[in-house]
Amino acid sequence: MTDAVATKTNLIGMPREKLAAFFVARGEKRFRADQLMKWLYHSGVSDLQEMTNLSRSLRDSLAVDTEFRFPAVSWSHVSEDGTRKWLINIEGGGSVETVFIPDGKRGTLCVSSQVGCTLDCSFCSTGKQGFQRNLSAAEIIAQVWIARAALAESGEDGPALTNVVFMGMGEPLLNLDAVLDAVSIMTDDLGYGLSKRRVTVSTAGVVPGIVRLAKEADVSLALSLHAPTDALRNDLVPVNRKYPIAQVLNACRDYLGNTAARKSITVEYTLIAGVNDQPEHAEALAELLADFPCKLNLIPFNPFPNSGYRRPSNNAVRAFHARMHQHGFITTIRTTRGDDISAACGQLVGAVQDRTRRSDRYIAKVAAQEAGASVRAC
Ligand code: SAH
């Protein structure tokens with residue numbers, strides 16, 4: 001890349017206020033931001049010369065020092081069940097993945113917020129890759145752009161992108177500046193216009209991030225709990241040593257506050273055979289969450305090579321589900337989707353980076369053995 005290219009301002013990923021300030025600073029009217037956003041996010045146009053309601057002189061001046069810079073897709077695939085996956089190259093090395101999970105006419109895009117992750121949850125393959133860097137707002141919003149473009153190509157009758165979950169690689173609350181800018185574009189009428197409730201930020205429990213998110217955004221929140229006691233959670237989710245369960249649950253309660261839009265937290269619980277899937281764990285979880293406004297999402301562990309963990313049997317998953325249900329919790333079991341392309345949670349980039357393809361074969365074998373027990377998609 002030349003220096004000239006590197007110093008151009010990337011207009012992708014700038015939320016409305018920043019874009020308006022950018023135009024005002026060059027002596028233009030604020031509404032230029034609205035026009036540009038509509039071209040980009042409503043029409044999917046990223047060629048300045050096609051933006052015909054911007055004057056020729058403005059287009060020419062923008063061409064000198066701005067650009068629309070997207071990361072490159074290095075690999076994409078559509079699974080037999082309609083799940084789509086993109087592997088996206090990130091400048092400076094590394095890649096992240098984005099997964100689209102259709103559900104009738106709707107669909108959920110699972111986006112990444114970091115290349116790798118610092119949190120090192122013991123059962124997550126992303127943590128095993130270490131941390132490279134935060135994604136920019138442009139790199140996050142580009143994942144929506146890429147998915148929308150692919151869905152548009154496959155025709156009007158297909159599923160629409162109606163929901164976004166930050167459940168790909170990374171911890172979104174440790175990259176909050178970029179995540180907030182991207183969320184703003186996702187939910188802005190001049191951006192992707194998604195309902196705030198249909199954008200979900202998922203966290204391992206980074207308390208200061210939850211506090212800030214409460215002040216600066218109005219989206220749905222998911223908490224990756226995975227254990228009913230601090231002793232067990234310290235092992236599975238090491239950030240628990242810094243922000244123990246009681247503190248995290250309090251921050252989530254405060255997050256809900258009194259707003260009508262935020263009614264409950266989604267509590268995610270990855271079920272790992274013999275580790276946190278026993279009846280006593282279900283009982284302790286029911287007690288812990290008795291007064292906590294939540295819906296419970298059980299995720300059978302998705303195996304990856306050398307994880308040291310096993311996925312519970314379908315019977316064990318159903319038994320855990322039944323117990324929580326008996327205690328009155330709205331509980332779903334997350335379907336493993338896109339198994340044939342390694343698009344299930346926690347399996348994403350690793351399998352592709354493994355040049356020997358050993359992990360693909362391993363995952364395919366385990367998936368074939370353990371398919372089923374599914375209620376809802378990720
Ligand atoms: N850092 C955020 C979001 C990324 S992970 C968070 O922790 O919430 C999205 C979800 O997938 C989390 O609940 C995570 O714990 C879960 N997950 C990660 N690896 C998994 C695996 N191998 N099997 C099942 N769930 C996994």
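At 41% relative accessibility, Arg106 counts as partly exposed, a class that lies between buried, under 20% relative accessible area, and exposed, over 50%, with a 1.4 Å probe and protein chains only as cover. The structure is a predicted model, in which local features need pLDDT of at least 70 and side-chain atom pairs count only at pLDDT 80 or more, while totals for chains, interfaces and linings use all residues. Residues are numbered from 1 along each chain as its sequence is written, and side-chain values use heavy atoms, with hydrogens and water left out.

Arg106 belongs to strand 6, residues 106-110, where helices (H or I, at least four residues) and strands (E, at least two) are DSSP runs numbered from the N terminus. Together with Arg197, Arg198, Lys263 and Lys295, Arg106 forms a positive surface patch. Such a patch is made of residues with over 30% relative accessible area and no salt bridge, with like charges joined within 9 Å and nonpolar side chains (Val, Leu, Ile, Met, Phe, Trp, Tyr) within 5 Å. Lys and Arg count as positive and Asp and Glu as negative, whereas His and the chain ends are not counted; the place of a charge is taken as NZ of Lys, CZ of Arg, CG of Asp or CD of Glu. The accessible areas themselves come from the Shrake-Rupley method with a 1.4 Å probe.

Two helices can be described by their span and their cover. Helix 6, residues 137-153, has 17 residues and reaches 24 Å from its first C-alpha to its last, close to the 24 Å expected at 1.5 Å a residue, the expected span being 1.5 Å times one less than the number of residues. Helix 6 is mostly covered, since 13 of its 17 residues are buried, and it is followed by Gly155, whose phi is positive, near 105 degrees. Helix 7, residues 176-187, has twelve residues and reaches 16 Å between its first and last C-alpha, close to the 16 Å expected at 1.5 Å a residue. Helix 7 is also mostly covered, with ten of its twelve residues buried, among them Leu176, Val179, Asp181 and Met186. Ser184, which is in helix 7 as well, is partly exposed, with a relative accessible area of 27%.

The charged pairs add contacts between these elements and others. Side chains of opposite charge can pair when their charged atoms come close. A search of the whole structure finds 13 salt bridges, each defined as a side-chain nitrogen of Lys or Arg within 4 Å of a carboxyl oxygen of Asp or Glu. Asp181 forms one with Lys18, the closest N and O atoms being 2.6 Å apart. Asp181 lies in helix 7 and Lys18 in helix 2 (residues 16-25), so the pair ties together parts that are 163 residues apart in sequence. Asp181 counts as buried at 16% relative accessibility, whereas Lys18 counts as partly exposed at 46%.

A salt bridge within one helix joins Glu216 and Arg212, whose closest N and O atoms are 2.8 Å apart. Being four residues apart in helix 8 (residues 207-216), Glu216 and Arg212 are separated by about one helical turn. An α-helix has 3.6 residues a turn, so residues three or four places apart point the same way. Glu216 is partly exposed at 47% relative accessibility, and Arg212 is partly exposed with a relative accessible area of 29%. Glu216 also relates back to helix 7, for Ser184 and Glu216 are 32 residues apart in sequence and 9.9 Å apart in space, C-alpha to C-alpha.

Another pair links two strands: Arg334 forms a salt bridge with Glu268, the closest N and O atoms being 2.8 Å apart. Arg334 lies in strand 14 (residues 331-335) and Glu268 in strand 12 (residues 265-271), so the pair ties together parts that are 66 residues apart in sequence. Both Arg334 and Glu268 are buried. Salt bridges that share partners join Glu67, Arg69 and Glu91 into one network, in which Glu67 is placed in strand 2, residues 66-67, and counts as buried at 14% relative accessibility.

Backbone angles close the tour. Most residues other than glycine have a negative phi. Asp120, in the loop between strand 7 (114-116) and helix 5 (125-128), has a positive phi near 55 degrees and counts as partly exposed at 37% relative accessibility. His226, in the loop between strand 11 (220-224) and helix 9 (230-236), has a positive phi near 70 degrees, but counts as buried at 4% relative accessibility.
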